[in-house]
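Biologist: Please show me the model, and then I will ask about it piece by piece.

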Amino acid sequence: MADNPQNIPDPTPAGLQLGDQTAELVRAAFPLRLGLVEGKVALITGAARGIGEAAARLFAAEGAAVIAVDKDVAAAEAVIKEIRARGGEAMAHGADLTNEHDVEAMIRVAIDNYGRLDCAFNNAGISGRFGSFIDLPLAEWQQMIDVNLTSVFLCMKYELGVMAAQGFGAIVNASSGAGVVAAPGLPHYTAAKHGVLGITKCAAQEFAAKGVRVNAILPGTTRTPMIEGFINGDPNIEKMVSRGIGRGYLGEPSEIAEAAVWLCSDRASFVSGASLSVDGSTVNR
Ligand SMILES: NC(=O)c1ccc[n+]([C@@H]2O[C@H](COP(=O)([O-])OP(=O)(O)OC[C@H]3O[C@@H](n4cnc5c(N)ncnc54)[C@H](O)[C@@H]3O)[C@@H](O)[C@H]2O)c1
């Protein structure tokens with residue numbers, strides 16, 4: 001015990017050599033491993049279902065206090081009830097993210113309750129009706145841009161203000177494979193998702209030196225209510241959709257949430273301005 005003057009017990013299980021079976025050693029030394037976002041305050045939009053719901057559950061399981069935002073506040077309440085029942089910390093908040101007053105109020109709720117904002121996953125979005133470019137009504141174009149692009153701009157506008165003043169923070173925006181290639185028959189969705197990547201890069205560049213990281217994820221086709229609405233329970237449509245995915249089957253919402261949590265965690269400290277595909281090898285750029 002010459003090198004251990006305080007007589008700290010050796011956590012190495014008998015028979016294990018240092019440098020060998022590292023994960024077992026770490027588990028033995030730190031049985032109460034901290035979560036990826038332990039102690040952080042995380043705001044998640046579109047948290048009532050799909051990818052946002054999975055993210056709310058995972059951020060909470062990884063140690064964050066979650067503010068679950070959705071226009072469907074009753075469904076968001078149901079999600080946070082389950083998170084709390086499992087010992088997680090979460091609150092729900094209703095907002096229409098196309099409305100600037102709602103977005104401002106949402107950020108105020110985070111600050112009033114927790115005093116800061118560490119992570120934001122701007123995930124809420126809608127899908128569109130397939131059709132020809134020339135048949136797309138202006139109202140549908142505008143609604144798509146409002147929900148899938150302007151809402152991300154509004155969220156970032158207020159999140160960045162808070163995070164820059166704090167001197168830290170991480171934002172993840174939900175784009176899509178349609179952020180880098182065309183989604184045939186969906187010019188409005190394609191435009192909005194390309195736009196999300198553009199404003200992600202602008203924000204990352206402006207705020208990097210202020211301690212704020214901004215990234216985008218590009219989910220592949222994922223089994224959420226958005227996609228289930230399209231598949232409509234038809235195994236042939238699911239097979240057709242799956243053929244376009246390299247690994248041959250749909251993503252699960254939790255697989256997308258994993259990437260969002262990692263990007264928001266300090267383990268991604270040197271990652272900013274990135275567009276991360278999470279799609280089982282669908283869009284290979
Ligand atoms: N599911 C996929 O295959 C897929 C693929 C690529 C990208 N994405 C993107 O991921 C994100 C989440 O998709 P999802 O499949 O989980 O969708 P979803 O439709 O299952 O859930 C979206 C949630 O966003 C909420 N929402 C919509 N408009 C809102 C608004 N104006 N204000 C507040 N909340 C609003 C809805 O109420 C809903 O709870 C979207 O941005 C989507 O474009 C999804």
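Modeller: The questions and answers below go from the whole chain to single residues.

Biologist: How many helices and strands does the protein chain have?

Modeller: This is a predicted model. Its protein chain has 285 residues, of which 39% count as buried. As for helices and strands, the chain has nine helices and seven strands.

Biologist: What share of the contacts with a separation of 6 or more comes from residues 24 or more positions apart?

Modeller: Two residues can be in contact although many positions lie between them in sequence; Val261 and Leu36 are one such pair. For the protein chain, counting contacts with a separation of 6 or more, the share from residues 24 or more positions apart is 71%.

Biologist: Which helix gives the most to the largest nonpolar core?

Modeller: In soluble globular proteins, nonpolar side chains tend to be buried together. The largest nonpolar core here has 69 residues, and among those that touch the most other members are Ala42, Ile44, Phe59 and Ala68. Leaving aside neighbours within four places in sequence, Ala68 has contacts that include Ile44, Ala56, Val79 and Ala92. With nine residues, the helix that gives the most to this core is helix 5.

Biologist: At what angle do helix 4 and helix 5 pack?

Modeller: Two packed helices are described by the angle between their axes and the distance between the axes. Helix 4 covers residues 100–114, and its axis is 9 Å apart from that of helix 5. The crossing of the two is right-handed. The angle at which they pack is about 35°.

Biologist: How many nonpolar, polar and charged residues are in the contact of helix 4 with helix 5?

Modeller: On the side of helix 4, the residues are Glu100, Val103, Glu104, Ile107 and Ile111. They meet Leu154, Cys155, Tyr158, Glu159 and Val162 in helix 5. By class, this contact has seven nonpolar, no polar and three charged residues.

Biologist: Which residues come nearest to the ligand?

Modeller: There are 28 residues around the ligand, and by class this shell has 12 nonpolar, 11 polar and five charged residues. Helix 2 (50–61), helix 5 (138–166) and helix 7 (225–231) each supply at least two of them. Those that come nearest are Gly46, Gly50, Gly125, Thr224 and Met226.

Biologist: Is Val261 buried or exposed?

Modeller: Val261 sits in helix 9, residues 253–264. Leaving aside neighbours within four places in sequence, its contacts are Leu36, Val37, Leu58, Phe59 and Glu62. A residue needs 20 or more other C-beta atoms within 10 Å to count as buried. Because Val261 has 25 C-beta neighbours inside 10 Å, it counts as buried.

Biologist: How far apart in space are the C-alpha atoms of Asp266 and Leu36?

Modeller: Asp266 lies in the loop between helix 9 and strand 7 (275–278). Asp266 is partly exposed, because 13 other C-beta atoms lie within 10 Å. In sequence Asp266 and Leu36 are 230 residues apart, but C-alpha to C-alpha the distance in space is 7.8 Å.

Biologist: What is the phi of Asn232?

Modeller: Most residues other than glycine have a negative phi, and most peptide bonds are trans. Asn232 is found in the loop between helix 7 and helix 8 (235–243). With 8 other C-beta atoms within 10 Å, Asn232 is exposed. Although Asn232 is not a glycine, its phi is positive, at about 55°.

Notes: Residues numbered from 1 in each chain as written. Predicted model: local features only at pLDDT ≥ 70, side-chain atom pairs only at ≥ 80, totals over all residues. Near = placed C-beta within 6 Å. Helix = DSSP H or I, 4+ residues; strand = E, 2+ residues; numbered from the N terminus. Nonpolar A, V, L, I, M, F, W, Y, C, P; charged D, E, K, R; others polar. Axes fitted to C-alpha atoms, helices over the stretch in contact; angles between N-to-C directions. Left-handed = near helix turned anticlockwise from the far one by under 90°. Contact = placed C-beta atoms within 7 Å. Core = buried A, V, L, I, M, F, W, Y, C linked by C-beta atoms within 7 Å. Buried ≥ 20, exposed ≤ 12 C-beta atoms within 10 Å, placed from the backbone.
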